[in-house]
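Q: Could you walk me through a structure slowly, since I am new to this?

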Amino acid sequence: METVSEQAAFGGIQGVYRHASGACGCDMTFGLFLPSEARDGPVPLLWYLSGLTCTHENAMLKSGAQAWAAQAGIAVIFPDTSPRGAGVADDAGFDLGQGAGFYLDATEAPWAPHFAMWRYVTEELPDLVFDEFPLAEGAQAITGHSMGGHGALTVALSLPDRFRSVSAFAPIAHPTASDWGRRQFAAYLGEDEARWAAHDASLLLRERGWKGHLLIDQGTEDQFLDKLMPGALMAAVVERRQAATIRLQRGYDHSYFFVASFMADHVAFHAEALFA
């Protein structure tokens, strides 16, 4: 693992690191904020999964998560959203290929050799960071924005024993029925739609439920509301009788101004679960 940079931030360290990924078959970069408490021993970890077109940098620089995480004494990790590089398959559209990994393991050509983002964020990267940094493996939470909100929900619903809490900002809530999902799932996973359901938060929630309380924020002026389909997630919450707080934030769009505006609430929500 290579240290790209380490800078003092809110009493702790904001680092950027690069490593050779076996899952993705290329070098991968991630950001990690460690609060001052990490000098004395392992600290809880909040995963932040980013959305379409993002790298590790977007949320690291724009979300404001470090200030609130420092107050709470928790670490925050910012993985990249896809494999990258000259030998990695790509597409002319922003919503497929590099920058659009959708947090799944592709099985179809030309994506399968590199696009293993599920395995990367659930197996390879956790193994690396818990070995290299003072992080408490038994105290993890997860959140994300847009495509990353989709990833956070599907990962948590699939691995409920790993995470103490889950939240999302404007998640792609029902990708099997959305323009942000159907095209990508067909490309990455093939035309058999039965294989897509494992990556649809609304379907997973209806089938499995979540052991705790969900927190979802959605802007009412989100320019991608028709693709996000929050109504499907709300319907699943009602049908499952799932404990959840789903907040429609009046006037907010899909930008990082929206994410930063409510980041304090999400960090506090996770901190309560992580230190329970």
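A: What follows is a short chat about one helix, two cysteines and a histidine. This is a predicted model, where local features need pLDDT of at least 70 and side-chain atom pairs count only at pLDDT 80 or more, while totals for chains, interfaces and linings use all residues. Residues are numbered from 1 along each chain as its sequence is written, and side-chain values use heavy atoms, with hydrogens and water left out.

Q: How many residues of helix 4 are buried?
A: Eleven of its twelve residues are buried, where buried means under 20% relative accessible area; among them are Met147, His150 and Leu157. Helices here are DSSP runs of H or I with at least four residues, and strands are runs of E with at least two, numbered from the N terminus.

Q: And how many disulfides are there?
A: The search of the whole structure finds zero, a disulfide being a pair of cysteine sulfur atoms within 2.5 Å.

Q: Why is Cys24 not bonded to Cys26?
A: Because the sulfur of Cys24 is 5.4 Å from that of Cys26, its closest cysteine sulfur, which is too far for a bond. Cys24 is buried, with a relative accessible area of 0%, and Cys26 is also buried, at 13%.

Q: New topic: where does His114 lie?
A: His114 lies in the loop between strand 5 (75–79) and helix 3 (117–132), and this histidine is buried, with a relative accessible area of 15%.

Q: What does the side chain of His114 reach?
A: The side chain of His114 reaches the backbone oxygen of Cys24, at 2.8 Å. Leaving aside neighbours within four places in sequence, His114 is in contact (heavy atoms within 4.5 Å) with residues including Cys24, Pro83 and Val88.

Methods
Buried < 20%, exposed > 50% of the residue type's maximum accessible area, 1.4 Å probe, protein only. Polar contact = N/O pair within 3.5 Å; in protein donor to acceptor, adjacent residues only side chain to side chain.
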